[in-house]
Amino acid sequence: MNPEVWSQFIRENWLVIVIALVLLFAVVNIVKTMLKWAIVVVIVVGLFIYSGVTMDQIGNAVNKVADGTVSTLKNEAQEVMLKEAQEAVYTSGSDGTFTITTPNLEVKGSAAEDKVEVVFRGVSLGKWSVTDTTKTFIDEARKQAGK
């Protein structure tokens, strides 16, 4: 994704790009159904394929962004765990399961498992292994429930 490569591609293929842009504007302004968005996607994907960008490169870029976002959310969730442990509401089931809720977090797990399901601000972050941070959070929530 070198800018110099893109610059060279644009200089060599400016006519194809202009035609694609004209087609895009015509489709968006004339066609009034969902079909227009399908045509737009086909034109954009066609330009990417024509430019030499592979679907693997696009997929890798999307995966990098997704991984970075999830990593940031996990870090933020761990910080919130420590801050909101005093406000945690701990409820346990007769089968050994438990749920801990705070204003921003929901942690569900079982005493028999070493993984918990974490939901942060309504977004599921999947199952986490119980680390020192999550163990401290669970223990603090249990203490709050015992008061």
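Two strands are taken to pair if DSSP finds at least two bridges between them, and in this predicted model strand 4 and strand 5 (residues 123–129) are joined by five bridges and run antiparallel. Within this pairing, K115 has S129 in strand 5 as its bridge partner. The hairpin of strand 4 and strand 5 has two residues between the strands, and R121 takes a positive phi near 50 degrees there.

The pairing can be followed back from strand 4 towards the start of the chain. Strand 4 (residues 115–120) also pairs with strand 3 (residues 105–110), again in the antiparallel sense and over five bridges, and G109 stands opposite V116 of strand 4 in this arrangement. Four residues lie between strand 3 and strand 4, which together form a hairpin. Strand 3 is in turn paired with strand 2 through five bridges in the antiparallel sense, with T99 placed opposite K108 of strand 3, and the hairpin that joins strand 2 to strand 3 passes through three residues.

Strand 1 (residues 89–92) is paired with strand 2 in the antiparallel sense over four bridges, and here Y90 stands opposite I100 of strand 2. The hairpin formed by strand 1 and strand 2 has four residues between the strands, and in its turn G96 has a positive phi of about 90 degrees.

Strand 2 also shows how side chains are distributed over two faces. In a regular strand the side chains alternate between the two faces of the sheet. Along strand 2 (residues 97–101), F98 and I100 point to one face and are buried, whereas T97, T99 and T101 point to the other face and are not buried. I100, one of the two buried residues of this strand, is the residue that Y90 of strand 1 faces across the pairing, while T99, from the face that is not buried, is the residue set opposite K108 of strand 3.

Turning to charged side chains, three salt bridges are present in the structure. In one of them, the side chains of E76 and R121 meet at 2.7 Å, N to O. This pair links distant parts of the chain, since E76 belongs to helix 4 (residues 55–84) and R121 to the loop between strand 4 and strand 5, 45 residues apart. E76 counts as partly exposed because its relative accessibility is 29%, and R121 is the residue with the positive phi in the hairpin of strand 4 and strand 5.

Helix 5 contains further salt bridges. The side chains of K135 and D139 meet at 3.5 Å, N to O; K135 and D139 are four residues apart in helix 5, so they are separated by about one helical turn. A salt bridge is also formed between the side chains of R142 and D139, at 3.9 Å, N to O, and these two residues both lie in helix 5, three residues apart, about one turn of the helix. Salt bridges that share partners thus join K135, D139 and R142 into one network. With relative accessible areas of 41% for K135, 28% for D139 and 35% for R142, each of these residues is partly exposed.

E140 is also found in helix 5 (residues 132–146), but E140 is buried and has no salt bridge. The nearest side chain of opposite charge to E140 is that of K143, 4.3 Å away; a salt bridge requires a side-chain nitrogen of Lys or Arg within 4 Å of a carboxyl oxygen of Asp or Glu, and therefore the 4.3 Å between E140 and K143 does not qualify. When residues up to four places away in sequence are not counted, E140 touches A85 and Q86.

A nonpolar region is found on the surface as well. W14, L15, V18, I19, V22 and L23 make a nonpolar surface patch of about 580 Å². V18, one of the residues of this patch, has its place in helix 2 (residues 14–30). Because its relative accessibility is 39%, V18 counts as partly exposed.

Notes: Residues are numbered from 1 along each chain as its sequence is written. This is a predicted model: local features need pLDDT of at least 70, side-chain atom pairs count only at pLDDT 80 or more; totals for chains, interfaces and linings use all residues. Side-chain values use heavy atoms; hydrogens and water are left out. Patches are made of residues with over 30% relative accessible area and no salt bridge: like charges are joined within 9 Å, nonpolar side chains (Val, Leu, Ile, Met, Phe, Trp, Tyr) within 5 Å. Accessible areas come from the Shrake-Rupley method with a 1.4 Å probe; for residues, only the protein chains shown count as cover. Buried means under 20% relative accessible area, exposed over 50%, partly exposed in between (1.4 Å probe, protein chains only). Lys and Arg count as positive and Asp and Glu as negative; His and the chain ends are not counted. Contact means heavy atoms within 4.5 Å.
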